[in-house]
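Me: Could you take a close look at one part of this model for me? I'd like to see how the packing inside goes together, and then what the backbone does in the loops beside it.

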Amino acid sequence: MPIDVNGVSYETDENGYLVNLDDWNEDVARKLAEGEDVDMGDDEWQIVHFLRNYYDEYQIAPAVKVLTKAIAKEQGMDKKQASEYLYGMFPKGPALQACKIAGLPKPTGCV
């Protein structure tokens, strides 16, 4: 099911994830976020860019446990605080929603 952004159509899979990772840009991310009912503020963008950098380095989207641990370390939080922080931004699941908005594949282990 494609999404249209600025007159360009981008192909997504049955779960709404981009089919071609190279199609991602911030306008596409805003459109994907809109479909997820996520308002993109500075913190949300920070997580999206973190995920894209992680994917560039490891060629895999992190599972929520890995994401939570990394954000806890980066933000100087304990894991519970980091989890609450992430779920506050991405209530349907930080790994699922944030990876979708970041234009990445669905993380391994997410249903």
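Reply:

**A close look at the core**

Leaving aside neighbours within four places in sequence, Leu-86 is in contact with Ile-47, Leu-67, Thr-68, Ile-71 and Pro-94. Keep in mind that this is a predicted model.

Leu-86 is also a good way into the wider packing. The largest nonpolar core holds 31 residues, and those touching the most other members are Val-28, Ile-47, Leu-51, Ile-71, Leu-86, Phe-90 and Ile-101. Two of these names, Ile-47 and Ile-71, are already familiar as contacts of Leu-86. Two or more residues of this core come from each of β1 (3–5), α1, α2, α3, α4 (79–89) and α5 (94–101). The biggest share belongs to α2, which gives 7 residues.

Now for the loops on either side of α2. Between α1 (26–35) and α2 (42–58) sits a loop that contains Asp-37. Although Asp-37 is not a glycine, its phi is positive, at about 60 degrees. A loop between α2 and α3 (64–75) contains Gln-59, and there too phi is positive, near 60 degrees, in a residue other than glycine. These values are worth pointing out because most residues other than glycine have a negative phi.

Are these two loop residues buried or exposed? Asp-37 counts as exposed because its relative accessibility of 66% is over the 50% cut-off. Gln-59 has a relative accessible area of 54%, also over 50%, so Gln-59 is exposed as well.

Notes:
Residues numbered from 1 in each chain as written. Predicted model: local features only at pLDDT ≥ 70, side-chain atom pairs only at ≥ 80, totals over all residues. Heavy atoms only, no water. Helix = DSSP H or I, 4+ residues; strand = E, 2+ residues; numbered from the N terminus. Buried < 20%, exposed > 50% of the residue type's maximum accessible area, 1.4 Å probe, protein only. Core = buried A, V, L, I, M, F, W, Y, C linked by side-chain atoms within 4.5 Å. Contact = heavy atoms within 4.5 Å.
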